[in-house]
Amino acid sequence: MRRRPRRPDQPGSSASGEAGGAAAVPIATLLATADIAKGEAAFKKCAACHTIAPGGANGIGPNLWASMGKPHGHVAGFSYSDALKSIPGNWDFEGMDKWLANPKKYAPGTKMTFAGLGNPEERANLIAYLNAQGSNLPLPPPPAADAAAPAADAATGEAADAAAPAAAAPAAK
């Protein structure tokens, strides 16, 4: 019996949307090329529960106008779950990415029933759109392309250093 593979945006797919355990692309990298218009289209999935207009009414979920950079559970008059209110800090790009990927993993016990968005590019587009709706925070810079290279070089260097004495020692007879 053959099973059809899941699309990355279906529940049960990996949160990163990557196949085979490949390393996830940092949200800052994806935001650099995010498309706000595509994010607006993706927001249609959210519009069943949320509004995103200045002074907009809360629905099943809170109004999301200017939500980026604000504390979790910041909308006055909305009854947030204790799970979400207990998350320290503000809605930043990394946190929003994790929330959109899997709300129940980000805030176990949340009242939000949305399964999440498995596609990282779709999340980046949506985050860029959310940010453009009243928050307008500066986007985080993408990590330097060679940021991972020093760690890899160090690991390779340590392995080479460990192998060097063995190679230099004369063979025992």
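Student: How many aromatic pairs does a search of the whole structure find?
Tutor: This is a predicted model, where local features need pLDDT of at least 70, side-chain atom pairs count only at pLDDT 80 or more, and totals for chains, interfaces and linings use all residues. Residues are numbered from 1 along each chain as its sequence is written, and side-chain values use heavy atoms, without hydrogens and water. Rings of Phe, Tyr and Trp (its six-membered ring) pair if their centres lie within 6.5 Å. The search of the whole structure gives five.

Student: Why does the pair of W91 and Y106 count as stacked, edge-to-face or tilted?
Tutor: Planes under 30 degrees apart count as stacked, over 60 as edge-to-face and the rest as tilted. The ring centres of W91 and Y106 are 5.7 Å apart and the planes are at 20°, so the pair is stacked.

Student: Which parts does this pair tie together?
Tutor: Helices are DSSP runs (H or I, at least four residues), numbered from the N terminus. Y106 lies in helix α5 (residues 103-106) and W91 in a loop, so the pair links parts 15 residues apart in sequence: α5 and the loop between α3 (82-85) and α4.

Student: Are W91 and Y106 buried or exposed?
Tutor: Buried means under 20% relative accessible area, exposed over 50%, partly exposed in between (1.4 Å probe, protein chains only). Both W91 and Y106 are buried.

Student: Which residues form one aromatic cluster?
Tutor: The stacked pair of W91 and Y106 belongs to this cluster. Its members are W91, Y106 and W99.

Technical notes: Helices (H or I, at least four residues) and strands (E, at least two) are DSSP runs, numbered from the N terminus.
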